[in-house]
2 protein chains.
Amino acid sequence: MTPPRTRSTGAGEPSRTLALLWGDPSAQPRKGPGRSVTVAQVVDAALSLADEEGLGAVTMRAVAQRVGVSAMSVYTYVPGKAELLDLMVDALYAQMPRPAWGRSRWRSRLTSVAESNLELLTTHPWLTEVAALSRPPLGPGVMAKYEHELSALDGSGLSDVDTDAALTYLLGFVQSHARSAHDARRATTDTAMSDEQWWAANQPVLERALDPTAYPRATRIGAAAGEAHGSAWSEAAAWTFGLARTLDGLAALIERD
Amino acid sequence: MTPPRTRSTGAGEPSRTLALLWGDPSAQPRKGPGRSVTVAQVVDAALSLADEEGLGAVTMRAVAQRVGVSAMSVYTYVPGKAELLDLMVDALYAQMPRPAWGRSRWRSRLTSVAESNLELLTTHPWLTEVAALSRPPLGPGVMAKYEHELSALDGSGLSDVDTDAALTYLLGFVQSHARSAHDARRATTDTAMSDEQWWAANQPVLERALDPTAYPRATRIGAAAGEAHGSAWSEAAAWTFGLARTLDGLAALIERD
DNA sequence: TTGTACGTCGTACACCGTACTGCGTACACT
DNA sequence: AGTGTACGCAGTACGGTGTACGACGTACAA
C-alpha cells in the first residue's frame with residue numbers, strides 16, 4: 001500500500017481509468033499472448049463479491065481467484081483497486097432503468113428518480129461506502145444516469161445551474177438515507193444482537209445515559225420515536241419524511257411565483 | 001484483523017464502550033501497577049492524529065506511540081479500534097457550542113444548528129467517514145448535542161416524533177454536504193492535480209464522454225454549472241442552495257395551516 | 001509476606017495492496 | 001521465414017494493518 005489513497009480515479013498516466021470506462025481502443029495493444037479474461041469479467045466478479053459478502057470481501061486476491069487468474073494479473077486489466085471501484089460504480093449506473101417521463105409532473109418524476117436510486121443503493125448497500133456525489137467517475141454509466149435524471153426536470157422552469165443543484169440535492173438525500181439504513185442494518189447484523197438484546201445488556205449504564213432530568217427532551221423524544229416505529233431509527237419513516245421534505249423544499253423553488 | 005468489522009461499538013462484554021463513555025467507576029480495578037496514561041489522553045492523541053494527518057493515520061501503533069506506550073497497551077484502555085473511534089466522536093460532540101436560543105425563531109435556530117455542525121465537520125473532515133447518523137455511540141457528548149439541538153425546535157408545534165425526524169433530516173443534509181466537500185477536497189489534494197490540469201490531461205478521451213448529441217442536457221448543464229462557480233462542484237453554492245431547500249422543506253411542515 | 005489480579009510489552013499471525021522479476025507467447029519487422 | 005520484443009501471466013516479497021497470545025513485573029488484598 002503506497003499512499004493512503006482509499007478511493008477514486010487516480011494518476012495512472014493521464015488517467016487510464018477514462019480509457020477503461022469508455023473502452024478506448026487505443027488501449028488495445030496487439031502484442032503478446034491473448035488475454036485470458038476481460039475487464040468486464042473482472043468488474044463483474046468484483047460486483048458479485050461485493051453484493052454477496054460486502055465491500056470488505058472485495059480484495060484483489062479474491063477478485064483474481066473468482067475470475068481465475070493470479071492476484072497480480074488483475075493489474076493488467078485495471079490499474080489498481082481504486083480504479084476497479086470506479087468501474088464497478090459506473091457499471092451499476094449503466095444498468096439503471098431510464099423510463100420515459102411522458103406527461104408526468106416534476107414531483108412524480110423526482111419521486112421516481114429518488115426511488116430508483118434508493119432501490120440501487122438498497123440492492124448494493126456497499127455503494128454508499130464508495131460512491132462520491134461530487135466527482136463521480138465520468139464513465140458512460142454516470143453520464144447516462146446524469147442525463148436521464150436531468151431530463152426529469154425538463155420544463156420545470158429552473159435555470160441550468162439550479163437544475164443541477166436540485167438534482168444533486170435530491171441525490172444527496174437519497175445517499176444519506178441509504179447510508180443510514182446500511183449502517184443501522186450492519187449494527188444489528190454484525191454484532192449478532194437485536195435491538196432489545198442490546199438494550200437489555202446495557203441497561204445498567206444506560207440508566208445514567210438516559211437521565212430525564214439531565215436530558216429531558218432527548219429522553220422523551222427518543223422514547224416517543226422508539227415507540228412510534230419500533231426502534232430508535234425507522235428506515236421507512238425516515239424515508240417518507242425525508243422525501244416529502246426534500247420535494248417540498250424543491251417545490252418552494254420550482255413553484256414560486 | 002479478525003472479522004471485517006470496520007466500525008462502531010461492538011461486543012466487548014455487555015459493552016464496555018458505554019462504561020468508557022460514561023466513565024463508569026465500576027471499570028476501575030484496584031490491583032496491579034498504576035496506569036501510565038489515561039483514556040482521555042489516548043482519545044486526544046487519536047483526535048490530534050486524525051486532525052493533522054487524516055483518519056488513515058489513526059493506527060493503533062501511531063496512537064500508542066503518541067501517548068508513549070506500546071501498541072498493545074492501548075488495548076488496556078480501549079477494547080479495540082472501533083470503540084476508540086466512538087470515543088473520539090463523542091468527545092468532539094461534547095465540545096460543541098450550545099448557545100441559548102433566546103427569542104430567535106426556528107429558522108434561525110436551525111440555521112445555527114446546521115452551521116455548527118458544518119463547522120465541526122469542516123474542522124474535522126474525517127468525521128464524515130466515521131460518524132453514523134443513525135445509531136451514534138450513546139455517550140454524554142452525543143446526548144448533550146442531541147438535547148441541545150432538539151431544544152432548537154421548542155415551540156415549533158411539531159410532535160415529538162416529527163421533531164426527531166426533522167432534526168435527523170437537517171443533520172443528514174449537513175453530513176451529506178460535508179462528505180461531498182471532503183471528497184472533493186481530497187480529489188484535488190491527493191492526486192496533486194488541479195481541476196484544470198485534470199481536465200487538460202484527459203481531454204482526448206473526455207471529448208467522447210462529453211458528446212453533446214449523446215448527452216445534451218448533461219453537457220450543457222454541466223458546463224453551465226462549471227462556469228457559474230469555477231468548478232464542477234462548488235462547495236459554497238451547494239451549501240446555500242441545500243440549506244435553503246432543507247429549511248423550506250421543513251417550513252412546509254412547521255408552518256402549514 | 002505472599003498470592004494474585006492486572007498493566008505493559010514483544011512477538012507473531014493473517015490479511016491487505018501492490019512493486020518487482022522471470023518467463024513464455026505471439027505479433028511486427030526485416 | 002526468422003527473430004526481436006512488447007506484452008500477459010504468475011510467484012515472491014515488502015511494508016502496512018488490527019489484534020491474539022504469553023512473559024514479566026507491579027502493587028494491592030489476604
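Me: Which atom of DNA strand D is 2.8 Å from an N or O atom in the side chain of Arg61(B)?
Reply: In this predicted model, the partner of the Arg61(B) side chain is a base nitrogen of DNA strand D, with 2.8 Å between that nitrogen and an N or O atom of the side chain. Arg61(B) is also listed among the residues that come nearest to DNA strand D, together with Ser36(A), Ser70(A), Met72(A) and Lys81(B), out of 28 residues around that strand.

Me: And how much of what the protein touches on strand D is sugar and phosphate?
Reply: Sugar and phosphate make up 62% of the atoms of DNA strand D that come within 4 Å of the protein.

Me: OK, which side chains of chain A have a polar atom by a phosphate oxygen of DNA strand D?
Reply: Two examples can be given from chain A: a polar side-chain atom of Ser36(A) lies 2.3 Å from a phosphate oxygen of DNA strand D, and an N or O atom in the side chain of Tyr77(A) is 2.9 Å from a phosphate oxygen of that strand.

Me: What about DNA strand C, which residues come nearest there?
Reply: Around DNA strand C there are 28 residues, and those that come nearest are Arg30(A) and Lys81(A) from one chain, with Ser36(B), Ser70(B) and Met72(B) from the other. Of the atoms of DNA strand C that come within 4 Å of the protein, 60% belong to sugar and phosphate.

Me: How far is Lys81(A) from a phosphate oxygen of strand C?
Reply: A polar side-chain atom of Lys81(A) lies 2.7 Å from a phosphate oxygen of DNA strand C, while for Tyr75(A) the distance from an N or O atom of the side chain to a phosphate oxygen of this strand is 2.9 Å. Chain B takes part as well, with an N or O atom in the side chain of Lys31(B) placed 3.2 Å from a sugar or linking oxygen of DNA strand C.

Me: By class, what is the surface near strand C?
Reply: Near DNA strand C the surface has eleven nonpolar, ten polar and seven charged residues, and near DNA strand D the classes also number eleven nonpolar, ten polar and seven charged.

Me: Does a record say anything? What does UniProt list for residues 36-96 of chain A?
Reply: An unreviewed UniProt entry lists residues 36-96 of chain A as "domain: HTH tetR-type". In the model, that span is 61% helix and 0% strand, and its end C-alpha atoms lie 29 Å apart.

Me: Zooming out, how many helices and strands are there in chain A?
Reply: Chain A has eleven helices and zero strands, and its C-alpha trace spans about 75 × 55 × 30 Å along the principal axes.

Me: Switching topic, how many residues does each chain bring to the contact between A and B?
Reply: The contact takes 74 residues from chain A and 74 residues from chain B, and the two chains bury about 6400 Å² between them, with 64% of that area on carbon and sulfur atoms.

Me: How many salt bridges are found across that interface?
Reply: Six salt bridges are found across the interface of chain A and chain B. One salt bridge joins the side chains of Asp160(B) and Arg220(A), at 2.7 Å from N to O.

Me: Which helix gives the most to the side of chain A that touches chain B?
Reply: That is H7(A), which gives 19 residues. The residues on this side of chain A divide into 38 nonpolar, 18 polar and 18 charged.

Methods:
Residues numbered from 1 in each chain as written. Chains lettered and ligands numbered in written order. Predicted model: local features only at pLDDT ≥ 70, side-chain atom pairs only at ≥ 80, totals over all residues. Heavy atoms only, no water. Contact = heavy atoms within 4.5 Å. Buried area = accessible area lost by both parts, 1.4 Å probe. Salt bridge = Lys/Arg side-chain N within 4 Å of Asp/Glu carboxyl O. Helix = DSSP H or I, 4+ residues; strand = E, 2+ residues; numbered from the N terminus. Nonpolar A, V, L, I, M, F, W, Y, C, P; charged D, E, K, R; others polar. UniProt positions renumbered as here; feature names shortened; annotations may be inferred. Near = heavy atom within 4 Å. Polar contact = N/O pair within 3.5 Å; in protein donor to acceptor, adjacent residues only side chain to side chain.
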